[in-house]
Amino acid sequence: MGRNKILLDKLAHEDIYLHNTLSESEIEHNITQNRSRLQRAEEIKQRFLQKYQNAKTELQYSNIYELLIAVMLSAQCTDKRVNLVTPTLFAKYPNTRALSEATFEEVSAIIKSISFFNVKARHLIAMAKSVEKDFGGNIPMNQRDLMKLQGVGQKSANVVLGEFLHLNYMAVDTHVFRVSHRLSLSSSISAIETEKDLVRLFKDHLNLLHQAFVLFGRYECKATKPNCPDCFVSDFCISKQNFKPR
């Protein structure tokens with residue numbers, strides 16, 4: 001009984017939750033499996049950090065205001081398309097004060113080639129009004145306050161904080177979700193739960209790993225016709241399936 005308690009304590013330390021009715025051999029087996037999983041994740045992590053040492057977003061921006069807008073526009077839209085639209089938007093509305101005074105018709109006309117442009121136009125104006133009213137015209141620099149802004153969810157907030165401030169945040173978009181599931185780093189069905197899985201496994205360098213997974217998923221581990229022959233983590237891949245969050 002005493003040895004069983006010791007093993008259960010070890011499991012708790014290693015972030016495994018199990019009922020205390022398991023036998024000692026079952027507990028030891030799960031400890032071994034968990035350590036193997038962590039070692040596997042560490043090898044994947046080191047390979048990505050080596051290959052994508054200077055990974056950064058492909059969205060074009062010059063300050064946190066522009067980055068936030070670009071990230072908001074990039075939801076279900078390509079970075080390439082966003083980069084075609086933002087120069088005109090930034091020139092006309094260089095700060096939140098200017099954007100807060102814009103009309104829906106003006107903003108939507110500029111971003112009309114972006115997916116869901118009507119919704120995003122309303123979100124951009126509402127975001128700017130909130131920044132002016134609640135934050136003195138300064139974009140919030142923490143996750144909680146960023147997520148108070150219209151159109152900014154956890155993923156967008158994490159991308160902004162990880163990219164601009166280099167803070168240790170993971171964000172899961174379609175590329176990150178697909179890559180992490182193909183590499184068996186997560187089996188969760190939602191982006192938020194997948195994010196939790198990756199945070200537990202990787203713990204640090206999360207901002208760099210996010211961007212690395214995005215670039216890898218965008219150009220190598222594509223949804224269709226992934227470049228498997230040249231893949232540097234093919235030995236960890238379990239499926240070519242195009243995993244999508246629900």
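**Figure 1. D79 in helix α4 of the predicted model.** D79 is buried in this predicted model, with a relative accessible area of 11%. Burial here means under 20%, so the value for D79 falls within that class. The residue belongs to helix α4, which spans residues 79-92. Which residues touch D79, once neighbours within four places in sequence are left aside? They are T57, E58, L59, S74 and R218.

**Figure 2. T96 in helix α5.** Helix α5 covers residues 96-100, and T96 is found in it. Is T96 buried or exposed? T96 is buried, and its relative accessible area is 5%. Residues up to four places away in sequence are not counted in the following list. T96 touches Y65, A128, V131, E132, G137 and I139. One of these partners, V131, is the subject of the next view.

**Figure 3. V131 in helix α7.** V131 sits in helix α7, a helix of residues 117-134. Its relative accessible area is 0%, so V131 is buried. Neighbours within four places in sequence are again set aside. V131 then contacts T96, G136, G137, N138, I139, P140 and L149. K148 gives a distance to look for in this view. It lies 17 residues from V131 along the chain, and the two C-alpha atoms are 9.7 Å apart.

**Figure 4. The largest nonpolar core.** In soluble globular proteins, nonpolar side chains tend to be buried together. The largest nonpolar core of this model has 37 residues. Which members touch the most other members? They are L99, V107 and I111. Several helices each supply at least two residues of this core: α3 (64-73), α4 (79-92), α6 (104-110), α7 (117-134) and α9 (154-164). Helix α3 gives the most, with 9 residues. Apart from this core lies another, of 27 residues. Among its members are V172, L198, V214 and F236.

**Figure 5. A closer look at I111.** I111 is among the core members with the most contacts to other members. This view shows what I111 meets beyond its neighbours within four places in sequence. The partners are L73, V85, L89, F117, K120, A121 and L124.

**Figure 6. Helix α9 and its surroundings.** How many of the 11 residues of α9 are buried? The number is 8, and the helix is mostly covered. The buried residues are S156, A157, N158, V159, V160, L161, G162 and E163. They pack against α3, α8 (143-146), α11 and α12. After α9 comes H166. The phi of H166 is positive, near 60°.

**Figure 7. Helix α10 against helix α11.** Helix α10 runs over residues 174-182, and α11 over residues 191-202. The axes of α10 and α11 come within 11 Å. They cross at roughly 55°. Angles of 35 to 65 degrees count as oblique, and α10 and α11 are therefore oblique to each other. Their crossing is left-handed. On the α10 side, the contact is made by V176, F177, S180 and H181. On the α11 side, A191, T194 and L198 take part. These contact residues divide into 4 nonpolar, 3 polar and no charged.

**Figure 8. Helix α11 against helix α12.** Helix α12 holds residues 206-219. It packs with α11 at an angle of about 125°, and the axes are 11 Å apart. That angle makes α11 oblique to α12. Is the crossing left-handed or right-handed? The crossing of α11 and α12 is right-handed. L198, V199 and F202 in α11 meet L206, L209 and F213 in α12. The contact residues comprise 6 nonpolar, no polar and no charged. L198 of α11 is also part of the contact with α10.

**Figure 9. The whole chain, for orientation.** The close-ups belong to a protein with 12 helices and 0 strands. Its pattern along the sequence is α-α-α-α-α-α-α-α-α-α-α-α. Buried residues make up 44% of the 246 residues. What share of the contacts with a separation of 6 or more joins residues 24 or more positions apart? The share is 59%.

Notes
Residues are numbered from 1 along each chain as its sequence is written. This is a predicted model: local features need pLDDT of at least 70, side-chain atom pairs count only at pLDDT 80 or more; totals for chains, interfaces and linings use all residues. Side-chain values use heavy atoms; hydrogens and water are left out. A nonpolar core is a set of buried Ala, Val, Leu, Ile, Met, Phe, Trp, Tyr and Cys residues joined through side-chain atoms within 4.5 Å. Buried means under 20% relative accessible area, exposed over 50%, partly exposed in between (1.4 Å probe, protein chains only). Helices (H or I, at least four residues) and strands (E, at least two) are DSSP runs, numbered from the N terminus. Contact means heavy atoms within 4.5 Å. Axes are lines fitted to C-alpha atoms, for helices over the stretch in contact, and angles run from 0 to 180 degrees between N-to-C directions. Angles under 35 degrees count as roughly parallel, over 145 as roughly antiparallel, 65 to 115 as roughly perpendicular and the rest as oblique. A crossing is left-handed if the near helix is turned anticlockwise from the far one by less than a right angle, and right-handed if clockwise. Ala, Val, Leu, Ile, Met, Phe, Trp, Tyr, Cys and Pro count as nonpolar, Asp, Glu, Lys and Arg as charged, and the others, Gly among them, as polar.
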